[in-house]
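Open the structure in your viewer and keep the sequence beside it. The tour below gives selections to make, one after another, with a note on what is there.

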Amino acid sequence: MWSVTNIMKVLRPSDDLNNLKNEEFSVFLGGGMSSPWRAELISKLDDLPNLVIIDPSVDDWEKDVGEQSADNPKFVKQTDWEHQGLEA
């Protein structure tokens, strides 16, 4: 599901990154989770045209992803999504 703020798109781990278009400029929001900097940045950029924010954060890591292990399919899915987002 695409979240739209004005004309900017915000993609989260539940979204399909294969829908990105070549004419769109994307920014991957990698970094710490100790402050609400992502929401603040998104609100400051919300009027930029053709901008796609790729936000890898999940609401509850333990519930949504769990153990950081190659044996955990949720973790593998999350990290694959993040790698795809970095390459976008």
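How many salt bridges does the count come to? The count comes to 4 salt bridges. The model you are looking at is predicted.

**Stop 1: Arg12 and its partners**

Select Arg12 and Asp55. These two form a salt bridge, with 3.9 Å between the closest N and O atoms. Asp55 sits in the loop between β4 (51-54) and α2 (61-64), and Arg12 in the loop between β2 (8-11) and β3 (25-28), so the pair ties together parts that are 43 residues apart in sequence. Is Asp55 buried or exposed? Asp55 counts as buried because its relative accessibility is 4%, under the 20% cut-off. Arg12, at 26% relative accessibility, counts as partly exposed.

Keep Arg12 selected and add Asp59. The side chains of Asp59 and Arg12 also meet in a salt bridge, 3.8 Å from N to O. Asp59 belongs to the loop between β4 and α2, whereas Arg12 belongs to the loop between β2 and β3, so this pair ties together parts that are 47 residues apart in sequence. Asp59 has a relative accessibility of 75% and therefore counts as exposed.

**Stop 2: Lys63 and Asp64**

Now select Lys63 and Asp64. They form a salt bridge whose closest N and O atoms are 3.5 Å apart. Lys63 counts as exposed, at 59% relative accessibility, and Asp64 as partly exposed, at 29%. Then go back to the earlier selection and add Arg38: Arg12, Arg38, Asp55 and Asp59 are joined into one network by salt bridges that share partners.

**Stop 3: the largest pocket**

Which residues line the largest pocket? Select Arg12, Pro13, Ser14, Ser57, Val58, Asp59, Asp64, Val65, Lys74, Lys77, Gln78 and Trp81 to show the lining. Arg12 and Asp59 from the first stop are in this list, and so is Asp64 from the second. The volume of the largest pocket is about 280 Å³. Colour the lining by residue class, and you should find 4 nonpolar, 3 polar and 5 charged residues. Next, highlight helix α3 (residues 73-87), which gives the most to this lining, with 4 residues.

**Stop 4: an aromatic pair**

Stay with helix α3 and select Phe75, then add Trp61. The count of aromatic pairs comes to 1. Trp61 and Phe75 form that pair, which is edge-to-face, with 6.4 Å from centre to centre and 75 degrees between the planes. Trp61 is part of helix α2 and Phe75 part of helix α3, so the pair ties together parts that are 14 residues apart in sequence. Which of the two words, buried or exposed, fits Phe75? Phe75 counts as buried, at 16% relative accessibility, while Trp61 counts as partly exposed, at 28%.

**Stop 5: Asn72**

Finish with Asn72, in the loop between α2 and α3. Its relative accessible area is 14%, so Asn72 is buried. What does the side chain of Asn72 reach? Show the backbone of Lys74 as well: the Asn72 side chain reaches the Lys74 backbone nitrogen at 3.0 Å. Lys74 is also one of the residues that line the largest pocket.

Methods. Residues numbered from 1 in each chain as written. Predicted model: local features only at pLDDT ≥ 70, side-chain atom pairs only at ≥ 80, totals over all residues. Heavy atoms only, no water. Helix = DSSP H or I, 4+ residues; strand = E, 2+ residues; numbered from the N terminus. Buried < 20%, exposed > 50% of the residue type's maximum accessible area, 1.4 Å probe, protein only. 1 Å grid on protein atoms, 1.4 Å probe; cavity = no way out; pocket = protein on both sides within 12 Å on 5 of 7 lines; lining within 4 Å. Points joined across faces, edges and corners; volume = space filled by probe spheres on them. Nonpolar A, V, L, I, M, F, W, Y, C, P; charged D, E, K, R; others polar. Phe/Tyr/Trp six-rings, centres within 6.5 Å; stacked < 30°, edge-to-face > 60°. Polar contact = N/O pair within 3.5 Å; in protein donor to acceptor, adjacent residues only side chain to side chain.
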